[in-house]
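Open the model in your viewer and keep the sequence panel beside it. We will go from stop to stop, selecting as we go.

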Amino acid sequence: MADELVDRIHEAAFVPEKWLALLETHSAAAGSASAGLLVFDGERPIGALATI
């Protein structure tokens, strides 16, 4: 599963539309109610994505 996760993260880095599905799938697999992703420009957050 770790190799698949790494592959999906690399793919989502190039196809941003895939982040939400990746977060949903892996938060469910971990038994988590939600997941989140913050994007920084080196100093401050410039974007966010979350599942509910």
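Which exposed residues does the face of α2 turned away from its buried side carry? Select Ala28 and Ala29: they are the exposed residues on that face. Exposed means over 50% relative accessible area, buried under 20%, and partly exposed in between, using a 1.4 Å probe and protein chains only.

Before moving on, some ground rules. This is a predicted model, in which local features need pLDDT of at least 70 and side-chain atom pairs count only at pLDDT 80 or more, while totals for chains, interfaces and linings use all residues. Residues are numbered from 1 along each chain as its sequence is written, and side-chain values use heavy atoms, with hydrogens and water left out.

**Stop 1: the whole chain**

Show the cartoon. The chain has 2 helices and 2 strands. Their order along the sequence is α-α-β-β. Helices (H or I, at least four residues) and strands (E, at least two) are DSSP runs, numbered from the N terminus. Along the principal axes, the C-alpha atoms fill a box of roughly 30 × 25 × 15 Å.

Switch to a surface. The chain exposes about 4000 Å², and carbon and sulfur atoms supply 60% of that. The areas come from the Shrake-Rupley method with a 1.4 Å probe; for residues, only the protein chains shown count as cover. Of the 52 residues, 15% count as buried.

Now consider contacts, meaning heavy atoms within 4.5 Å. Among contacts with a separation of 6 or more, 22% link residues 24 or more positions apart.

**Stop 2: the buried side of α2**

Select Trp19, Leu22, Leu23, His26 and Ser27. These residues of α2 are buried. They lie on the same side of α2, because they cover an arc of only 115 degrees around the axis. The arc is taken from the directions from the helix axis to the C-beta atoms. An α-helix has 3.6 residues a turn, so residues three or four places apart point the same way.

What do the buried residues of α2 pack against? Add α1 (2–14), β1 and β2 to the view: those are the partners.

**Stop 3: Ser27 and Thr51**

Zoom in on Ser27, in helix α2 (residues 19–29). Ser27 counts as buried, at 9% relative accessibility. Leaving aside neighbours within four places in sequence, Ser27 contacts Ser32, Ser34, Ala35 and Thr51.

Follow that last contact. Thr51 sits in the segment after β2. Thr51 is buried too, with a relative accessible area of 8%. Beyond four places in sequence, its contacts include Leu20, Leu23 and Glu24. Ser27, Ser34 and Ala35 are also in contact with Thr51.

Put a distance label between Thr51 and Ala35. A polar atom of the Thr51 side chain lies 2.7 Å from the backbone nitrogen of Ala35.

Then select Gly31, which follows α2. Its phi is positive, near 75 degrees.

**Stop 4: the hairpin**

Select β1 (residues 36–40) and β2. They run antiparallel, joined by 5 bridges. Two strands pair if DSSP finds at least two bridges between them. Phe40 stands opposite Pro45 in β2.

The two strands form a hairpin with 4 residues between them. Click on Gly42 in the turn: its phi is positive, about 110 degrees.

Is β2 (residues 45–50) largely in the open or buried? It lies largely in the open, because the number buried among its 6 residues is 0.

**Stop 5: the salt bridges**

How many salt bridges does a search of the whole structure find? The search finds 3. A salt bridge here is a side-chain nitrogen of Lys or Arg within 4 Å of a carboxyl oxygen of Asp or Glu.

Start with Glu11 and Lys18. Their closest N and O atoms are 2.7 Å apart. Both ends are partly exposed: Glu11 has a relative accessible area of 38% and Lys18 one of 37%.

Next, select Arg44. Its side chain meets that of Asp41 in a salt bridge of 3.6 Å, N to O. Arg44 also forms a salt bridge with Glu43, where the closest N and O atoms are 3.6 Å apart. Shared partners thus join Asp41, Glu43 and Arg44 into one network.

Finish by colouring that network by accessibility. Asp41 is partly exposed at 39%, as is Arg44 at 47%. Glu43 is exposed, at 69%.

Terms used: A polar contact is a pair of N or O atoms within 3.5 Å; within protein, one must be able to donate a hydrogen and the other to accept it, and residues adjacent in sequence count only if both atoms are side-chain atoms.
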